[in-house]
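Please take a moment with the sequence and the model below before reading on. The text then goes from the whole chain to pairs of helices and to single residues.

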Amino acid sequence: MNLHQLFPNIDARVTQEIIKSTIDTLIMVGLTGLIAGVLGIALGVILVVTREGNILENKILYATLDKVVNLFRSIPFIILAMLLIPLTRFIVGTTIGIPGAIVPLVIATVPFFSRQVQLALLEVDKGVIEASIAMGCTPLEIIFRVYLKEGLPSLIRASSLTIISLIGLTTMAGAFGAGGIGNLAISRGYNRFQGDVIVVATIIMLIIVFISQAVGDFLEKRATK
C-alpha cells in the first residue's frame with residue numbers, strides 16, 4: 001500500500017493548504033506567546049509580590065487580580081472568543097483570520113500563564129528573599145535579581161506548558177475561521193469527510209507539540225546548570 005492509497009485526498013493543492021495552515025498556526029502561537037508571555041509574567045509577578053506577607057503586600061489588589069484570573073480561566077475558550085467579538089472587532093477590525101484570533105488567544109492565555117508564573121515564583125527560596133531584603137535591595141531588584149533569576153528553570157517549565165496549551169487553543173480557534181491547522185481539519189477534513197486530512201493535521205500538531213516540549217526541556221536543563 002503506497003502513500004496515495006493511505007492519503008487519497010492529499011494532492012498538490014491540499015499540500016499547499018497544509019503548508020499554509022501550518023505557517024498560520026506557528027504565527028498564531030508565536031505572536032500570542034510573545035504578547036501573553038510579557039503580560040503573563042507581569043501579572044504573575046504582581047500576584048506574587050502583593051500576596052500577604054510579601055514585599056509589596058496589597059490584599060485588595062491581590063484579591064481582585066486573583067478573582068479576575070480565576071474568572072477568565074474558568075470560561076471555556078470557544079465561549080470566551082464569542083464574548084470577546086465586540087472587543088476583538090474594536091481592536092483589530094475583524095473577528096476572523098489570524099488577527100481575529102490573536103485577541104481571544106491572548107486573553108485566554110494570560111490568566112493561565114500568569115498562574116503558572118505565580119506558582120513558579122512561589123518556589124523561590126524564602127531565605128534568599130529575606131537575605132536580599134536584609135541587604136537593602138529594593139522591591140524591583142528583588143523581583144529581577146531574585147524571583148526571576150532564581151525561578152528561571154520553573155518559569156521555562158511553565159512557559160513550555162503554556163505553549164503546548166496554546167497550540168491546543170489555536171486548533172479550537174479554527175472553529176470560528178481563525179485559520180491554521182484546526183481550521184483545515186474542520187473545513188476540509190471534517191466537513192468534507194476527508195479523514196486522511198484530519199490524520200495529517202493531527203500528526204503536524206503532534207510534531208509541533210513534541211518540538212515545543214523538547215525545546216522547553218533543553219532550555220530548562222541549560223538554566224539549571
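What follows is a guided reading of this model, beginning with the overall fold.

The model is a predicted one, and its protein chain has eleven helices and zero strands. Read from the N terminus on, the elements therefore run α-α-α-α-α-α-α-α-α-α-α, each of them a helix under the DSSP assignment. The C-alpha atoms fill a box of roughly 70 × 45 × 25 Å, taken along the principal axes. Of the 225 residues in the protein chain, buried residues make up 41%, and the accessible surface comes to about 12400 Å², of which 69% belongs to carbon and sulfur atoms. When contacts between residues at least 6 apart in sequence are considered, 74% of them join residues at least 24 apart.

One pair of helices to look at consists of α3, which spans residues 59-74, and α6, which spans residues 97-121. Their axes come within 9 Å and cross at roughly 125 degrees, an angle at which α3 and α6 are oblique to each other, and the crossing of α3 and α6 is left-handed. On the side of α3 the contact is made by Y62, D66, V69, N70, F72 and R73, while α6 contributes I107, P111, F112, S114, R115 and Q118. Sorted by class, this contact of α3 with α6 has six nonpolar, three polar and three charged residues.

A second pair is formed by α10, residues 180-190, and α11, residues 195-223. Here the axes come within 8 Å and cross at roughly 165 degrees. Because angles over 145 degrees count as roughly antiparallel, α10 is roughly antiparallel to α11, and the crossing of α10 and α11 is likewise described as left-handed. The residues that make the contact are I181, L184, A185, R188, G189 and Y190 of α10, together with G195, V197, I198, A201, I204 and M205 of α11. By class, the contact of α10 with α11 has nine nonpolar, two polar and one charged residues.

Between α10 and α11 runs a loop, and F193 lies in it. What is the phi of F193, given that this residue is not a glycine? F193 has a positive phi of about 55 degrees. With a relative accessibility of 75%, F193 counts as exposed.

The helices α10 and α11 can also be approached from another part of the chain, by way of T22. This residue is found in helix α2, which spans residues 12-49. T22 has a relative accessible area of 17%, and because buried means under 20%, T22 is buried. Not counting residues up to four places away in sequence, T22 touches I181, I204 and I208. Of these, I181 belongs to the contact of α10 with α11 on the side of α10, and I204 belongs to that contact on the side of α11.

I167, in helix α9 (residues 152-173), offers a further view of the interior. I167 is buried, with a relative accessible area of 2%. Leaving aside its neighbours within four places in sequence, I167 is in contact with V29, M205, I208, V209 and S212. M205 is one of the residues by which α11 contacts α10, and I208 is also among the residues that T22 touches. Although I167 and G30 are 137 residues apart in sequence, their C-alpha atoms are 9.9 Å apart in space.

Two glycines bring the reader back to helix α6. Is G100 of helix α6 buried or exposed? G100 is buried, with a relative accessible area of 3%. Not counting residues up to four places away in sequence, G100 touches T88, V92, T94 and T95. G100 and I85 are 15 residues apart in sequence and 8.6 Å apart in space, C-alpha to C-alpha.

The other glycine, G97, also lies in helix α6, and at 22% relative accessibility G97 counts as partly exposed. With neighbours within four places in sequence left aside, G97 is in contact with G177 and A178. The C-alpha atoms of G97 and I10 are 23 Å apart in space, and the two residues are 87 residues apart in sequence.

Key:
Residues are numbered from 1 along each chain as its sequence is written. This is a predicted model: local features need pLDDT of at least 70, side-chain atom pairs count only at pLDDT 80 or more; totals for chains, interfaces and linings use all residues. Side-chain values use heavy atoms; hydrogens and water are left out. Axes are lines fitted to C-alpha atoms, for helices over the stretch in contact, and angles run from 0 to 180 degrees between N-to-C directions. Helices (H or I, at least four residues) and strands (E, at least two) are DSSP runs, numbered from the N terminus. Angles under 35 degrees count as roughly parallel, over 145 as roughly antiparallel, 65 to 115 as roughly perpendicular and the rest as oblique. A crossing is left-handed if the near helix is turned anticlockwise from the far one by less than a right angle, and right-handed if clockwise. Contact means heavy atoms within 4.5 Å. Ala, Val, Leu, Ile, Met, Phe, Trp, Tyr, Cys and Pro count as nonpolar, Asp, Glu, Lys and Arg as charged, and the others, Gly among them, as polar. Buried means under 20% relative accessible area, exposed over 50%, partly exposed in between (1.4 Å probe, protein chains only). Accessible areas come from the Shrake-Rupley method with a 1.4 Å probe; for residues, only the protein chains shown count as cover.
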